[in-house]
Structure formats: C-alpha cells, structure tokens
Amino acid sequence: MKSTTTKEAKAKSISYAKWGYIFILPFFLVYAVFTFYPQILTIYYSFFKYFRDGLTWIGPEFIGFDNYKALLTPTAEGTIDILKYFGNTVIMWVMGAVPQFVIALALAVFFTSTRLNIKGQSIMKTVIYMPNLIMASAFSMLFFTLFSTVGPINSLFVSMGIIDKAFDFFFCTISMRTLVALLNFLMWFGNTTILLMAGIQSIDESLFESARLDGASGLRVFFNITMPLLKPIFIYTFITSMIGGLQMFDVPNILSNRTGQPNRTSETMVMYLNNYLGVSKNFGMAGAISVVLFILTAVLSVIVFKTIDRDKD
Amino acid sequence: MKMKKLMSGLLVATMILSMVFVGCGKEEKVEQGGKTFHIMAWNEEFKGFFEKYYAEKHDDGEYYVGDAKVVWTIVPNEGSAYQDALDAALLKNKDASAEDKVDMFLAEADYIAKYTQSDLTMDVKSIGVTDFANAYQYTIDAASDTNGVVKGVSFQCCPAGVVYRRSIALDVLGTDDPDEVQEKLNSWDKFNAVAAEAKAKGYYMIGSDSEAYRVFSNNTTSPWVDKDGNLQIDASIQAWMDQAELYAQNEYTLVGDIWGEAKSQQMLDTGKTMCFFGPAWYYNFCMPNAMDTCSGDWGLIEGPQAYFWGGTWMLAATYTDNEAEVAGVMNAFLNNEEICENLVSKDLQFVNNKKVNEKFASDPNYGNAFLGGQNDTALFVELAKNIKFENHTQYDQACNEGIQQYFREYLMGTVTKEQALENFRKYIKEKFPNVNVDK
C-alpha cells in the first residue's frame, strides 16, 4: 500500500517542463545565432576603427569611444548631424503614423461593427492590404515616376491650372517629407487595420450590445469600451510601427536618389548608416550609429509605453 | 592494445595535419578548364556585343565560350552598388566554388584604379594578351598599375564631342553643317553666346545642368583626392559649377539628372534641346528616344573643348579557372578585325583598334545614318589622338556622382552654394573614412 502511494506520487511529479524548454529551444537558437550574436558584434565593433580602403581592410583597431565622439561632435554650423537625421526620421514617421492610426482605427471599428455589418469586407480588406504586398522600393519608384517633373501628376496640375510650371516635388522639404509619409501611410494602414480588427474582435461582443441597449452613442462606445480593451494590442501596433518607422530607409532613399535631398532633410538614420556601409564597409562607424539608434529607440519606446499605459490600475 | 590504438590514432592525425599544411604551403595554381565562365558587369551593353559576335549559342538556349557556359552577374553602377557586389565577389574569389568564381569583370574609368592596383586582378600579358599595337594609349594607361603592368583591356575608345540636333541648329545658327556648326561653337564663350540665342528662340542649349560635366571633370589638373588623402575641388570642377549656375539661372538648360526622364524626353522629336555631350557609346546606348523618333536629324562636332568620357575595360580576376577563355575574349575585342568592324558598322561604336577605325574614317562611302550620313569615325580618330588619362583615383565615381547631385540642390535654390558643397563633403566623408574633407 505504502509503496503504491509513493509510486503514484512519483508518477504525479513527472515534470513536463523540460519539453517546454525543448520546444522553445529552436527559437532561442535562431535568435542567438542570427540576432543576438550580430547585435553583440555590432556593439563590439563600434569601438573599433574597421573599414576598407579600396580592396584593403584597415583595422580592426581598438579606438575606444572615438566613433561616438565623431558622431556627436557638432559640425561647423553647430548642428549634430546624427540628431538632425534622427529628427528627420521621427518627423516623417509621425506625419505618416498619425493618419495611419486614425484611419486604421476607424476602419477597424467599421469593419467589426455588427450594427453596420458592411458587405464585401473581405475584398476591402484585401484591397487596403495590397500596397503592403508590393515591395517598398517598387512602390517608391512608382511614386518617383508619378511625381517627377515630367510625370502625370505635374501634367495634371499644369493642365488644371493649379500650377503654371512643373513643380519638383523632390526638391522641396515639405512635399518631399509629405510624399515619404504618404507612401508609408499607404503601405502600412492596411496592416494596422487588420491587427486592430483582430484586437477588437477579441473583445466580448456582449459588452458592445449592453452598451448599445443602454443607449450609448457610437463615440461613447469607442472611447469607453473599444479603446480601453484594445489598449494592449494598440500599444503593440504603435510601438512596432514606431520601431519600423525609425528604421525607415527604402522609401526616402529612392525618392531622394540616395542624397536625402533637399539639404539632407529627408535623410533618415538608416540612410545615414547605409552611407557608411557602402564601398568602405565602415563597420566601426556603422556600429556606433546602430548603437545610438538602438538607445534612442529604446528610450522612445519606454516613453510611449509609459504615456499610453499610465492609467493602468 | 590501448597503446596501439592511440598510436595509430596519432599517426592518422599527423598524416592529416601534414597533408593540410602541405596543401597550405604550396603555391596554388588554379586548375583551368572551368565549366562556368562568370562575368560581372554593370549593364547589358557589353553583354549584347559579346553574345552577338563572340559567344556561341547552344541548343539549350545558353551562351558558351568553348565548353564553358557563360553566366552574368549584372549590378547597376549607381551609388557604387556594382563596386560593392564586385568587391565582395573578388575578395572571396580564391575560395569560391568553380561555378561562383568570377573569371572576368568589367570596370569603368571612374574606379578602374581600385582594381588595377590590387592583387585581385591579373597581368593580362601573363594570360596571353600581348598585342597592343592597335590599342589607344589612354586605354592602356588607364588599365595599368603604378608599375606599368597592364591589367585590363578596353573594347571601346571614348573620345567625345557634342551631338547636336540639326533642325534646331538650322533654326538657331542658320546651318546644320558640322564644320560650320563647329566654327560657331568652338569655344565656351561662343557656346554661351549661342545658348542665349537658342533661349531667345525657345530652345534649351543643353539637356541637363551636368550635361557637359565630363568635359570639365576629365580635363582636371589635379585628382579628386591628393596623395595625402585630402579632398580637393579642381579649378576645372569650379568652372563646371560656374557654367551649371549660368545655364540654370538663364534657363539655358533643364535642371535635372543627366540620366533622368526629363532629359531623356528632350531627345524625342518633340524635344527642344540642341546639344548633348557624349562619345560614340552615348548615342548608341543612351539616345534610343532619338533613334526611334528623329534618327538622321543629328550631327557630331568636337565642341568647345576636347574631352573623353568612359570606356569599358575587361579585367581578368585572379583565381579564374578560365584564363584562356578570358584572354580569348580580350584578344577578340581588341584585335579581331571582323568583330571590330562589325562593332563600328553595325553598332556605331568607336573601337579600341586604330587600324579598323582608320579604315572607316578614310572610307568615303561610310557614314552614320543616325548622324545624317556624317562620318563620325573620322572625327573620333582625330579626337582620340589627344586623350590623356590623368588625375584619376578610386574615389572618382562617388565624387563625380556626389558633386552633381548635391550641387543641383543649389541650382534648384533649396540651399546656398556653401551648404551644397558642405553636404557633398559630408557625403564623401561618410563614403570614405580615410579621406580628409576639411577645407
């Protein structure tokens, strides 16, 4: 009798935890090899002089914080270039992200509303998601052609009498940044809509019903039920969009013909980094820029997280 | 027993190790006769000629040189993308598999120095390209390293001139005859004066603010980067900036990229631009709009200042497993008269073979239909005599591209001239950490 109980106890205490670890192991292996290790290397090389001159490698030679000093030393005009490019990136991201989230939220609410019950949803969802399927570079080339001085948009504006001479959209800070924001908005609002819809659909439908029975208006339902319950998903999409936005590269790079024109006001952090990685493969400076970008992104993410999530009980 | 096992184990280990070391120590000679002939290039221009006149097309639809199948890797030049890809491939060429090994690659004047100065390219004489009797000297100079070892062969020679639209010249100058047009445009002062006349009649003198850039950049008296690694802006580049400014302000030209769509539309029959600057490959390769809509309405003159633009050099990559095939291509495009003649008569090229060029130059029946029957080869033969390849560095491509792009912002009025040059310096500093850009 006694022996059986110990056996049972033993059988009960068999731990399945190791399987859990085994199942998550592949992810951690892949993460360690393809993400963690390169990240550490990036940080490591940011303290080195390490680039190629012609076909000869120079370095790696340890130089401490010299790369960071070079990045953060103000230029003759008194600006710190890397902060200027960070500012450009944030401005262009915000210009695209604000309409992106407003419209995505509105669409997500409309599409999930049982009261509206919109027909042909699946087609619409496909259509708004479409731009995201096209490569950013192809999409940028399309806009580059559309808005060029000999492109259809200029011909249209001239023939409508809005402007009397072709306008070069890519040589004006406002129009350039607006175009970058517009492209990013077009490419990403569909994706955001789908994510937010999934979030709204996971909210218990009875809450919406009871609110409606109590006579709550649509706006009231949105602010008092949808938004509070959608918050975790909303924060997730917002922060991922921000991280993606801070790494903005292909659209402004193509629209500005790699120069960040005009006057480098459309030069983003990653375009700046990419310049260093060109012919000279300057891993030292590129590493330092990556680390600065990493720190700035982390700080911004924490700020956003704390701001949106502050009234958590 | 255990001892024996240990001993035999050790023995095997030493044997393997010794084999490894022997393998390392020996001067390696790459085994020849590779089945893949791998060529890297930045556009399709040479590929077209190569397939038309040299490689054989087999039944499988692929091109072959001997037994080796031809494989191309083509990466566009802009933003140094081609150099990036090429550098990566050459640096690992030694250990690359027979299929991936680069056998031959093409390089331009703007960056050929980087490759000729490296051990990753071969002395072409060592693989059997020895006859340079008919080649133009500048094409040899450009491909030679600092010790005078020739590392490459150009299939083109690129004296350049002004390609003008005959009907517009007739309207502006009252003549479309090349000799008379040249007489009216043979100095920059005359050229600028005619630009004003053209403007008055509603035409543009040139197609882009950097249309004549190469006239200035290939007539410099100092390199972009001096021996001590300092970036310097030559007086001739300054002269280009002044010209670009004059032309942009007076609307003698459209302001826009030299390869841009706006300029390319100016080459249509509806275009309003009188002059374009370029060598033989220019009208062949870059003026399809003109060829399609107004072929024959063009003429060629030396213009205000003699210059050259470009050239396409073939270089043999070290560790190639197709040395004989590489030498074969080089010899063919340099010395095979049949191929060279075809390139001139059918493809409007100016080849790197004096004998062939001179034959066409002195042939009274030869004329270029695109240029209204003018014998362009005769003019190029004269211009080719004066080409010198001087003051070139491995930094030229980025500098040439960068100065045009950043200076254009000043021409557009978005920045001051100082800012434009400052942005250019920043760009060069980012590209080349060891170049000193401070004034």
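**Exercise 1. Describe how domain 1 and domain 2 of chain B meet.**

Solution. Step 1: bounds. In chain B, domain 1 covers 36-157 + 310-361, and domain 2 covers 160-307 + 390-431; such bounds come from an automatic or database domain assignment. This is a predicted model, in which local features need pLDDT of at least 70, side-chain atom pairs count only at pLDDT 80 or more, and totals for chains, interfaces and linings use all residues. Residues are numbered from 1 along each chain as its sequence is written, chains are lettered from A and ligands numbered from 1 in the order in which they are written, and side-chain values use heavy atoms, with hydrogens and water left out.

Step 2: distance and contact. The centres of domain 1 of chain B and domain 2 of chain B, taken over C-alpha atoms, are 28 Å apart. To the contact (heavy atoms within 4.5 Å), domain 1 of chain B gives 19 residues and domain 2 of chain B gives 15 residues.

Step 3: area. Buried area is the accessible area (1.4 Å probe) that two parts lose on being put together, summed over both. For domain 1 of chain B and domain 2 of chain B it is about 1,400 Å², with 46% on carbon and sulfur atoms. B:Glu45, B:Asp110 and B:Leu348 supply 37% of the area that domain 1 of chain B buries against domain 2 of chain B, more than any other three residues.

Step 4: pairs. A salt bridge needs a side-chain nitrogen of Lys or Arg within 4 Å of a carboxyl oxygen of Asp or Glu. The rule finds one across the interface of domain 1 of chain B and domain 2 of chain B. The side chains of B:Asp110 and B:Arg214 form a salt bridge, at 3.1 Å from N to O.

Step 5: elements and residue classes. Helices (H or I, at least four residues) and strands (E, at least two) are DSSP runs, numbered from the N terminus. On the side of domain 1 of chain B that touches domain 2 of chain B, α2 (45-53) and α4 (112-116) of chain B each supply at least two residues. That side has six nonpolar, eight polar and five charged residues. Here Ala, Val, Leu, Ile, Met, Phe, Trp, Tyr, Cys and Pro count as nonpolar, Asp, Glu, Lys and Arg as charged, and the others, Gly among them, as polar.

**Exercise 2. Describe the contact of chain A and chain B.**

Solution. Step 1: 31 residues of chain A touch 36 residues of chain B. Step 2: the two chains bury about 2,900 Å² between them, 53% of it on carbon and sulfur atoms. Step 3: five salt bridges are counted between chain A and chain B. A:Arg264 and B:Glu430 meet through their side chains in a salt bridge of 2.8 Å, N to O. Step 4: on the side of chain A that touches chain B, β1 (48-53), α4 (81-112) and α12 (269-276) of chain A each supply at least two residues. The residues of that side are ten nonpolar, eleven polar and ten charged.

**Exercise 3. How are the rings of A:Phe234 and A:Phe238 arranged?**

Solution. Step 1: rings of Phe, Tyr and Trp (its six-membered ring) pair if their centres lie within 6.5 Å; planes under 30 degrees apart count as stacked, over 60 as edge-to-face and the rest as tilted. Over all chains, the search finds 68 aromatic pairs. Step 2: the ring centres of A:Phe234 and A:Phe238 are 6.1 Å apart and the planes are at 20°, so this pair is stacked. Step 3: A:Phe234 and A:Phe238 are separated by about one helical turn, because they are four residues apart in helix α10 (residues 218-246) of chain A.

**Exercise 4. Where does B:Tyr63 lie, and which residues does B:Tyr63 touch?**

Solution. Step 1: B:Tyr63 belongs to strand β3 (residues 63-65) of chain B. Step 2: leaving out residues up to four places away in sequence, B:Tyr63 touches B:Glu51, B:Ala55, B:Glu56, B:Lys57, B:Ala68, B:Lys69 and B:Val70. Step 3: B:Glu51 is twelve residues from B:Tyr63 in sequence and 7.1 Å away in space, C-alpha to C-alpha.

**Exercise 5. Place the cis peptide bonds at A:Pro60 and A:Pro262.**

Solution. Step 1: the bond joining A:Gly59 and A:Pro60 is cis, with omega about 0°, and A:Pro60 is in strand β2 (residues 56-62) of chain A. Step 2: the bond from A:Gln261 to A:Pro262 is cis, with omega near -10°. A:Pro262 is in the loop between α11 (250-255) and α12 of chain A. Step 3: A:Asn257 is also in the loop between α11 and α12 of chain A, and has a positive phi of about 55° although it is not a glycine.
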